[in-house]
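Dear colleague,

I am passing the structure on to you with this email, and my notes on what was found in it follow below. Please read them with the structure open beside you.

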Amino acid sequence: ETPDIRLDYAYGAVKDAFGVGDVYLGKFPRSEVVWTPSDLMWDGDINPEGAGVTVGTSLGSRLDLFFNGAYLILDESSSEPSDSGMSFFQPGFVWEIVDGISLKGAVAYYDAHGVKGERLASSTEQSAGTNTGLSVSGSTISGNLTYDYDIINPAAELGVNIATLKGLEDYVVNYVGVFGEYVQNQDPEDQENGYIVGFKVGDKKVKGQGDWQIKGSYRKLEKDAVLDILPDSDFYSGKTGVKGYEAVVEYGLKKNLILGLDYYKTENITTGTPAEEELLQVDLLFKF
């Protein structure tokens, strides 16, 4: 029997296509096309398949505008006449308010196609089975989705590069950031919202020896705010209908060798009696 081969990426990209923007085809890194300051809607390990485009322009020296768009395949079947997919549009901006202080914001709209009344068969391994219409028995998910998932998603992050501010070049904290994100599904009349608020402090990126960052956040994600194949799989096992806290500590042991601690304290908000979970992960990450 021939073993399966699974690839994180398998795509082609045309940079500066027609002098306008970048085009991606295949299974591409999500961060290239979809900007998010958190994993409220998108698990960090998900890299979608489809086609995407990014466009950017500058308005003066302190304001950049961008537009991201894509068609993403959610479920592909050789036996069905049509596949389930999601169109995505995201206009946004990056504003350098003053030297060292910047604000990035965007509003995304996701339009899911062919999901209402269906179950995303090829995504069963990722589904938590918590959207309305689905049920879980052991490892088996049954039922069909009750709603469409047409989602409005505003997001923003304010960052202060303390290391670049005059007089604070040697300050022990080089970066401070606050971020927030909101999702609302337009189809249901209840259990359709979600949000996250959080902060980052330390270095903007942990890359070299001695770099560090602490991140904390609180989120609430109602039952039908997003498709349950998408959220962070470590936050209450990727379920919707949850809320709770996450704390992350990263430290650079050497260049491109990072130690990480990730702590979750979460609970279910859709059952009569909230069931709490706590999870601590220890990671050693090599980058090359």
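A salt bridge is taken here as a side-chain nitrogen of Lys or Arg within 4 Å of a carboxyl oxygen of Asp or Glu. With an N to O distance of 3.8 Å, the side chains of D22 and K15 therefore form a salt bridge. Please keep in mind throughout that the model is a predicted one.

As for the overall make-up, the protein has one helix and 15 strands, and of its 288 residues 39% are buried. Among the contacts with a separation of 6 or more, 54% are between residues that lie 24 or more positions apart.

To return to the salt bridges, the structure holds eight of them, including one between the side chains of E96 and R62, where the N to O distance is 3.9 Å. This pair links distant parts of the chain, since E96 belongs to strand β5 (residues 84-98) while R62 sits in the loop between β3 (49-58) and β4 (63-75), 34 residues apart. Both partners are partly exposed, E96 with a relative accessible area of 29% and R62 with one of 32%.

K200 and E157 form another salt bridge, in which the closest N and O atoms are 3.4 Å apart. Because K200 lies in strand β11 (residues 193-202) and E157 in strand β9 (residues 150-161), this pair ties together parts that are 43 residues apart in sequence. Are K200 and E157 buried or exposed? K200 counts as buried at 16% relative accessibility, and E157 likewise counts as buried, at 12%. There is also a network of salt bridges, in which D39, R219 and E246 are linked.

E157 appears again in the surroundings of L103, a residue of strand β6 that counts as partly exposed at 23% relative accessibility. Leaving aside residues up to four places away in sequence, L103 touches F93, V94, W95, I97, E157 and L158. The C-alpha atoms of L103 and L158 are separated by 4.5 Å, although these two residues are 55 residues apart along the chain.

Turning to the interior, the largest nonpolar core has 34 residues, and M41, Y110, V183 and L227 are those with the most contacts inside it. Strands β4, β5, β6 (101-113) and β10 (175-185) each supply at least two residues of this core. When residues up to four places away in sequence are not counted, M41 touches Y110, I151, V183, V226, L230 and P231, so that two of the other residues named above for their core contacts, Y110 and V183, are found among its partners.

Finally, there is the matter of enclosed space. Rolling a probe the size of a water molecule over the atoms shows where empty space is left. The structure holds two cavities of 30 Å³ or more, and the second largest cavity has a volume of about 40 Å³. Which residues line the second largest cavity? Its lining is made up of L40, R219, L221, P231, D232, F235, K239 and V242, which by class gives five nonpolar, no polar and three charged residues. Two of these residues have been met already, as R219 takes part in the network with D39 and E246 and P231 is touched by M41.

With best wishes

Terms used
Residues numbered from 1 in each chain as written. Predicted model: local features only at pLDDT ≥ 70, side-chain atom pairs only at ≥ 80, totals over all residues. Heavy atoms only, no water. Helix = DSSP H or I, 4+ residues; strand = E, 2+ residues; numbered from the N terminus. Buried < 20%, exposed > 50% of the residue type's maximum accessible area, 1.4 Å probe, protein only. Core = buried A, V, L, I, M, F, W, Y, C linked by side-chain atoms within 4.5 Å. Contact = heavy atoms within 4.5 Å. 1 Å grid on protein atoms, 1.4 Å probe; cavity = no way out; pocket = protein on both sides within 12 Å on 5 of 7 lines; lining within 4 Å. Points joined across faces, edges and corners; volume = space filled by probe spheres on them. Nonpolar A, V, L, I, M, F, W, Y, C, P; charged D, E, K, R; others polar.
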